Structure formats: C-alpha cells, structure tokens
Amino acid sequence: MTALLELDALQAAYGESQVLFDIGLSMRPGEVATLLGRNGMGKTTTVRAICGLMPPQAMRAGRIRFDGADIAGQRPDRIARRGIALVPEGRQVFPNLTVKEHLVAFAANRAGHADPWTPDKVFAFFPQLAERRHHLGNQLSGGEQQMLAIGRALTTNPRLLILDEATEGLAPLIREEIWRCLAALRAAGQTTLVIDKYVERLIALADHHTIIEKGRVVWRGTSAALDADHGVWHRYLGV
Amino acid sequence: MAQLIFEQSLNGLQFGLMLFLLAAGLTLVFGIMDMINLSHGSLYMGGAYLGAAAAQASGSFLVGIAAAALGMAVIGILLELAVLRHLYRRDHLAQVLATFALILIANELVRMVWGPQPLMLNPPPALAGPVEVLGFSYPAYRLLIIAVGLAVAALLYGLVGHTRAGMWVRAGASNRAMAEALGVDVRRLFTGIFALGALLCGLAGVLLGPLLAVQVGMGENILILAFVVIVIGGIGSIRGALVGSLLVGMVDTLGRALLPSLLRTVASPEVAGQLGPALASIAIYLLMAGILIWRPAGLFPART
C-alpha cells in the first residue's frame, strides 16, 4: 500500500535560526504513528509544516507529500480540505463559539466516508460535551476543551488526524478518557499522528515511532523495537 | 423638555444605528485580517454620492438606495481584490499609509466627477413631514432610518449568530490560523465580508444624505467615530459594534443637546455656555477612556 503522508528531508527555519534539519516520516492509511522527543526538538514545528501553518519563507527544503500531492507551502485551508485535521497544542477552542457550533461550523465529508462523523456522533462519543452543547468554548474545563478540539477535528472527517500534546495538562482520569478515545479511533481505522510524552501508552497505541532531536530524526522503529530498547528512551526522551 | 429628550433620544438611536452600519464592517476587517482600513469612510462618502446622483437622475429615492448599496458592494470587492488584499501581511503603518492614500484619491475623484459643491439629496416627499409617535411629533424620515437600521442590525445579528458563514467569521476573528487549519478559506470569506461592509457603508451614506450634507470629506469625521465605536465594543465583535454604536450615538447626541442646559442648573450661564459644548464634544472620548480603563480590550473582545 502506498504512503498517505510522506515527509522527505524536510528543513525549516524561523529567520536565521534553523529548526528542522532533516525530518523524514512515512505513514500508510490506517496506521497510528508518533513523533517523540524532548521539548523544543521540532515536533510541533514538523506538525505546523505539515498543516501549512509555517510562513512560506520558513520552508527551506524537502518535500511533504499527502495522498500523492506535494503540499509543502500550500495554504493551511487547502491542506485542511485535502483531509488533514489538527488537534493543536493548547487545544485552541474558539472562546466565542458554542460547543455545538464548533461541531457544526467545520463539518464536512470530502473523502466521502460511508459513516461520517456528525455532531451527534461526536456527542455520543463524548457524552460530557452533549451536556454542555450550548456553552461557549471558554466556559469549558481543560478536559472538555480537549474533547471538543478532538471532536471538532473529527467532524471534518479527516483522512489524517494529528494530535499535538492532547493529554498535556489534564487530570489523570481525563487523560485516561483521551487514551480510550484514541484507541477507539484506531479501531475504527482512523490514520493518526500523535505527539505525546507517555511512551508506554504510545507503544500500546501506535504502530511505529519517530524520535526527533534538534530537528533531525535520530531513531525510527516499530512499537516492539521501541519497547525492547529502553536505552533509546533514556537517551532521547529523558525517561 | 420632555419633547426635547424624546426627540434627542430617538436622534441618538438613529445616529447610533447608522454608526453601526459603518462599524460592523470596520470591526470585522480589523478583527479578522488585522487590517486598519482608513478608507472605510470613503465607501460611506461614495454611497452618499452614488445614491444622490442616482436619486436625482431617476427621481426615485429607492433607486438611489439600491444604487448606493449595490454600487458600493461592487466597488468594495474590486478594492479588496486590487489593493487591500496585498496589505494584509504588511504592518499597520503600511496599511495606514496606503489606505490614507485611498482617501485622498477618493476625495479627488469625487471632486472631479461631482465638483466641490455639496450635493442635495431630498428625502422622499411622502416622508418629508413629521409624524406622531407616542404623543410626540418626530420627523418621518428619521423614523424610517431607525426602522432600516434596526432591520439591518437584526439581519446581521442573525447572519453572524446563526449561520455557518457567521461561525466562520467569529472563528476567524478570534483565531484566524485555527480557522484556516480547519478548512475555512479566510481569504474568500474576507472578500465577502468586505463586500458586505462596503454595502452597509453605502447604505449608511445614502440614508444619512438627506440629514447631513453630501460633500467631499464627509467620510473622515464619521470614520473617527466608527473607530471609537469598535475600540469600545471590542475589535472583531459584531455585538460589541452594536452596543458601542448605540452608546456613542446616544452619548454624543444627548450630550450635545442636554449638557449645556444641565450645566446651567449648577453653574453660572457664562461658565455653562463655554463648558457645555466643550464637554459635549469630548463626551464620547471620555466614555471610551472610561470603558478602556475598566475593560482594556473593549466590552466584547473577540480575540483570544
């Protein structure tokens, strides 16, 4: 099967300071992959580059192919309409839209899924959100905001879902809820790229892993390989 | 006195609603694209001139209204595609300089086409006289303006509050990058917003034409008030623009009408005569300063 997403020798820089030196990544449909590494190593920048959120002049070299098309440097809305949805770091729900509006405003089924995500399906997936459907984004707890950010991304029925630090800053019980939901998405065949810190959880969830250090890929392998080599954890992840 | 207060309150409401027509477009342009458009007032002037010319040529005020609104919407789209679109990524200084140039160009264009003399725009004859409202008499034409203003405000409120396009507008105003990352083509959305804003400007221009002089430079005075409104209301918020417009319209109108006589009750006529008009003309700026001390981002800030 051909790759859905493929990064090849990606380089990016903010002005004079280069952030990404050599990022490569390949994901096939239905896979769950992770980006690992300490803070400030370029994980979020990589995700921003995929989503078109880096300024065009920041993209220095390399390729980003999604579903066979070169998308590097395209506008973020075009990339989103091609089928990539982002659950961003910090959640970034809209304070001036209600929960229901978050799920209605961006809903689409451009890939023509037979059983697409709808607002009602998201409410069934996250019953807690259903109770708060008329609340504004800034009236929710952190956990509810995270569920909303995931639900909002799902209503675009993406072919690739990207989660950037989806469990960060959440209480343990809420974190469990997010892991449970990621496992359910995986079972439903959702292609997903995850950035997170909980290596054990990610080994249980994902197919393969890419570790980034100072803008370069330093390790790449399957969950079994990562599980077997705790030296990698210690060297690159500080755990 | 009761007649005066009643009449001036309605005048304040009427002025506030017309301010809202200008401020609505201005606050969205500023809020979503972070674009300072000084030439917004020129769209208002353009609407007044187009409307007056069309009404004179056709003999129908309705034709004048349609010409002003639709004409300015078209001009707004052309302006956005040809000039303003290239300014979004520039800093505010570049935007201010470029759109100030647009003011000068618009003023000269109008002078070349219609000459330096103000144009006359008469209200439709059927609405020329006063009518009875709650036992008071009030000009029928001003009442029409209030009705149109309320209708447009309600329409806009429904559009922004209850449609998907309205949700995109609000999402774009609070976090543009996130809205784009969810697939909203903010550029095309913005051309639409700009056209709507220009249409509302044109409508305000032609409606106020019979009350104020249709003349070169009429856009600049009202532009400053519109900026006061959106700063008070919170940049990017339609609700803020509405509340801010009504506040500014009321305070300005009632201040000018009532402050001098109110002051006479506590100060000597001489002091009141000098202080009253001076205080009235700075009343809205005092209002703005007070609100900004209380809420630095305005009453209904849209941005996160």
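**Two chains, their cores and their contact**

Chain A comes to ten helices and ten strands. Keep in mind that this is a predicted model.

Start with the overall form of chain A. Its C-alpha trace spans about 45 × 35 × 35 Å along the principal axes. Is that a compact globule? Let me put it another way: what radius of gyration would a compact globule with 239 residues have? The value would be near 18 Å, and chain A has 17 Å, so the two agree.

Now the inside of chain A. Of its 239 residues, 54% are buried. Next, the contacts in chain A with a separation of 6 or more. Residues 24 or more positions apart account for 69% of them. As for the outside, chain A exposes about 10,000 Å². Carbon and sulfur atoms supply 49% of that area.

On to the nonpolar cores. The largest one has 123 residues. Which residues have the most contacts inside it? They are Leu5(A), Ile84(A), Leu160(A), Ile162(A) and Leu193(A). Yet the element that gives the most to this core is in chain B: helix 1, residues 2-33, with 14 residues.

Look at Ile84(A) in detail. I leave aside its neighbours within four places in sequence. Ile84(A) is then in contact with Ile50(A), Cys51(A), Phe66(A), Ile71(A) and Ile79(A). Pro158(A), Leu160(A) and Ile162(A) are also among its contacts. So is one residue of the other chain, Ala181(B). There is a second, separate core as well, of 42 residues. It includes Ala166(A), Leu170(A), Ile203(A) and Leu226(A).

Next, the contact between the chains. How many residues does each chain put in? Chain B gives 22 residues and chain A gives 21 residues. The size of an interface is often given as the accessible area lost when the parts come together. Here, the area buried between chain B and chain A is about 2,000 Å². Carbon and sulfur atoms give 58% of it. On the chain B side, Met167(B), Met178(B) and Leu182(B) lose the most area to chain A. Together they make up 30% of what that side buries.

Three single residues to finish.

First up, Glu144(A). It sits in helix 6 of chain A, residues 142-154. Buried or exposed? Glu144(A) has a relative accessible area of 7%, under the 20% cut-off, so it counts as buried. A polar atom of its side chain lies 2.9 Å from the backbone nitrogen of Ser141(A). Beyond its neighbours within four places in sequence, Glu144(A) is in contact with Gln128(A), Leu129(A) and Arg132(A).

Then Pro119(A), in helix 4 of chain A, residues 119-125. Its relative accessible area is 18%, and because the cut-off is 20%, Pro119(A) is also buried. Neighbours within four places aside, Pro119(A) is in contact with Lys100(A), Leu103(A), Val104(A) and Thr155(A). What about Val99(A), 20 residues apart from Pro119(A) in sequence? In space the two are 9.7 Å apart, C-alpha to C-alpha.

Last, Ala53(B), found in helix 2 of chain B, residues 40-58. At 22% relative accessibility, Ala53(B) is not under 20%, so it counts as partly exposed. Gly290(B) is 237 residues away from Ala53(B) along the chain. Their C-alpha atoms are separated by 42 Å.

How values were computed: Residues are numbered from 1 along each chain as its sequence is written. Chains are lettered from A and ligands numbered from 1 in the order in which they are written. This is a predicted model: local features need pLDDT of at least 70, side-chain atom pairs count only at pLDDT 80 or more; totals for chains, interfaces and linings use all residues. Side-chain values use heavy atoms; hydrogens and water are left out. A nonpolar core is a set of buried Ala, Val, Leu, Ile, Met, Phe, Trp, Tyr and Cys residues joined through side-chain atoms within 4.5 Å. Buried means under 20% relative accessible area, exposed over 50%, partly exposed in between (1.4 Å probe, protein chains only). Helices (H or I, at least four residues) and strands (E, at least two) are DSSP runs, numbered from the N terminus. Contact means heavy atoms within 4.5 Å. A polar contact is a pair of N or O atoms within 3.5 Å; within protein, one must be able to donate a hydrogen and the other to accept it, and residues adjacent in sequence count only if both atoms are side-chain atoms. The radius of gyration is taken over C-alpha atoms; the globule rule is 2.2 Å times the number of residues to the power 0.38. Accessible areas come from the Shrake-Rupley method with a 1.4 Å probe; for residues, only the protein chains shown count as cover. Buried area is the accessible area (1.4 Å probe) that two parts lose on being put together, summed over both.
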